[in-house]
Amino acid sequence: MEKIGFGGGCHWCTEGVFQALRGVVSVDQGFVQSEAPSDAWAEGVIVTFDPRVIGLATLAEVHLRTHSANGTYSPGGRYRSAIYIFDASQRDEAARTVARYARETGEPARTLVCPFVGFKPSDARYQDYYRTDPNRPFCQRYIDPKLDYIRKNFADIMLPDGTGHHVERGGFSTAAPPVPPEGTGGS
């Protein structure tokens with residue numbers, strides 16, 4: 001398993017996006033810190049993922065396309081657009097993905113690639129924000145459109161019901177089962 005961090009706008013939205021993807025084992029929502037000048041705590045998530053199922057470049061691309069990566073963010077602000085790397089081997093792949101995104105959109109990507117320094121979780125009442133009540137007005141207004149985008153553009157990596165839950169017969173929803181690595185005979 002590997003870890004990578006993402007920040008860009010509200011961490012409730014970012015959490016909901018990554019919980020909907022195959023190969024993501026867990027998403028910790030809270031506040032992330034990097035080195036100066038990006039050392040102020042900013043909203044973000046820490047994603048634990050299985051690189052045999054989903055790669056860092058794919059996670060970074062989903063991130064760039066589901067928040068305002070070209071928007072004006074303050075590097076020291078609460079809503080820093082960033083990819084937080086956990087080791088130096090992640091830096092080049094994250095930077096290449098950001099550069100490719102900027103070329104494709106024709107606009108500068110203001111998403112920073114920063115070393116991860118620290119994490120503070122959000123209050124328990126905000127954890128699993130989308131999963132606990134997707135009918136909240138906030139979820140419907142801000143998170144549902146992001147999930148619709150993933151459903152349309154990244155359907156092959158989205159979990160069965162597109163919300164990070166596996167739907168059992170009878171309509172009961174549980175945590176998604178592990179996805180076998182590609183080429184191992186799993187469905």
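These legends walk through a few close-up views of a predicted model. Local features need pLDDT of at least 70 and side-chain atom pairs count only at pLDDT 80 or more, while totals for chains, interfaces and linings use all residues. Residues are numbered from 1 along each chain as its sequence is written, and side-chain values use heavy atoms, with hydrogens and water left out.

**View 1. The whole chain, with five helices and eight strands.** Helices (H or I, at least four residues) and strands (E, at least two) are DSSP runs, numbered from the N terminus. Of the 187 residues, 43% are buried, meaning under 20% relative accessible area, with exposed over 50% and partly exposed in between (1.4 Å probe, protein chains only).

**View 2. Helix α5, residues 137-153, and its bend.** Here α5 bends by about 40 degrees at I143, with P145 following within four residues; the bend is the angle between axes fitted to the seven residues ending there and the seven starting there. C139, I143, L147 and I150 are the buried residues of α5, and their cover includes α1, α2 and α4.

**View 3. A salt bridge within α5, between D148 and R151.** The N to O distance is 2.5 Å; a salt bridge puts a side-chain nitrogen of Lys or Arg within 4 Å of a carboxyl oxygen of Asp or Glu. D148 is partly exposed at 44%, as is R151 at 36%.

**View 4. R65 and E104, joined by a salt bridge.** Their closest N and O atoms are 2.3 Å apart. The pair links R65 in helix α2 to E104 in helix α3, 39 residues apart. Both belong to a salt-bridge network with E61 and R100.

Methods. The expected span of a helix is 1.5 Å times one less than its number of residues. Contact means heavy atoms within 4.5 Å.
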